[in-house]
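User: I'd like a close look at one part of this protein, starting from a single cysteine and working out to the charged pairs. Keep it casual, but walk me through the reasoning.

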Amino acid sequence: MGTGNGLIDLIDSVDARLAARLAELRAERGWSLDELSERSGVSRSTLSRAERAEISPTAALLNRLCAVYGRTMSRLLSEVEAEAAQVVRAADQLVWQDTTSGFVRRSVSPPHPGLRGEVVEGRLTAGADIAYDRPPVPGLEQHIWVLDGTLHVTAQDVEHRLGAGDCLRMRAWGPTRFRCPGPDDVRYTLVVVLP
């Protein structure tokens, strides 16, 4: 999978470890692909391809699987890291990319045993639109601080239009939507606190 491009190699490596972890989670529960498909609403073939690293899962797909497995996306992604450290150097921060939706996610401060919070840097390309049908953990506390660009976040049927410097504080109970209307990309910090 190596291409000689450091960032692409890192993303490929994360996808491979993520695929193995998704297969482990299903096996730990003794579920068949059909059972997981029924619980998540994701097709059996998509699940199979994701577990074999034939596809890079989208943010929406990971969100559905996280809801079924009862963990945040950050927790799932931290489970594919080699080990947790107190100081997370920029070069060691896990970067995951959903090329389909134009979403890049950097785990700045990943989940850690004994800590309820985590910090994520999100980037959406202009025109990107990601809809999550449910939170991975109901009542998940989120603080979304826009650093550059414009971000529209819809939660509980209310659209919040955020510009650089704005911060939205909320608890996620139902569907949410993150949209970058453009014309520029958006970069934001997401602080997540488990209930």
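Is Cys-180 buried or exposed, and what is its relative accessible area? Please take it from there through the salt bridges.

Analyst: Cys-180 is buried, with a relative accessible area of 1%. Keep in mind that this is a predicted model. As for a bonding partner, the closest cysteine sulfur belongs to Cys-167 and sits 18 Å away, which is too far for a bond. A disulfide would need the two sulfurs within 2.5 Å, and the structure holds zero disulfides. Cys-167 is in no disulfide either, and at 43% relative accessibility it counts as partly exposed.

On to the charged pairs. Side chains of opposite charge can pair when their charged atoms come close. The count here comes to 17 salt bridges.

Take Glu-121 first: it bridges to Arg-187, with the closest N and O atoms 3.2 Å apart. Glu-121 lies in strand β3 (residues 117–124) and Arg-187 in strand β10 (residues 186–193), so this pair ties together parts that are 66 residues apart in sequence. Glu-121 is buried at 12% relative accessible area, while Arg-187 is partly exposed at 24%. The two also belong to a salt-bridge network with Arg-106, Arg-123 and Asp-148.

Right by that network is Tyr-188, whose contacts include Glu-121, Arg-123, Leu-124, Ile-144 and Leu-151. Tyr-188 is also among the residues with the most contacts inside the largest nonpolar core, a set of 46 residues. Helix α4 (residues 59–69) gives the most to that core, with seven residues.

Helix α1 has a more local pair: Arg-21 and Glu-24 meet in a salt bridge at 3.0 Å, N to O. They are three residues apart in the helix, so about one helical turn separates them. Arg-21 counts as buried at 12% relative accessibility, and Glu-24 is partly exposed at 42%. Another bridge joins Arg-29 and Glu-28 at 3.8 Å, N to O; here Arg-29 is partly exposed at 32%, and Glu-28 is exposed at 53%.

Then there's the charge without a partner. Asp-15, found in helix α1 (residues 6–29), is buried yet has no salt bridge. The nearest side chain of opposite charge, Arg-17, is 9.4 Å away, and the cut-off for a bridge is within 4 Å. Leaving out residues up to four places away in sequence, Asp-15 touches Ala-53, Ser-56 and Trp-96. Trp-96 is another of the residues with the most contacts inside the largest nonpolar core.

Notes
Residues numbered from 1 in each chain as written. Predicted model: local features only at pLDDT ≥ 70, side-chain atom pairs only at ≥ 80, totals over all residues. Heavy atoms only, no water. Core = buried A, V, L, I, M, F, W, Y, C linked by side-chain atoms within 4.5 Å. Buried < 20%, exposed > 50% of the residue type's maximum accessible area, 1.4 Å probe, protein only. Helix = DSSP H or I, 4+ residues; strand = E, 2+ residues; numbered from the N terminus. Contact = heavy atoms within 4.5 Å. Lys, Arg positive; Asp, Glu negative; His and termini not counted.
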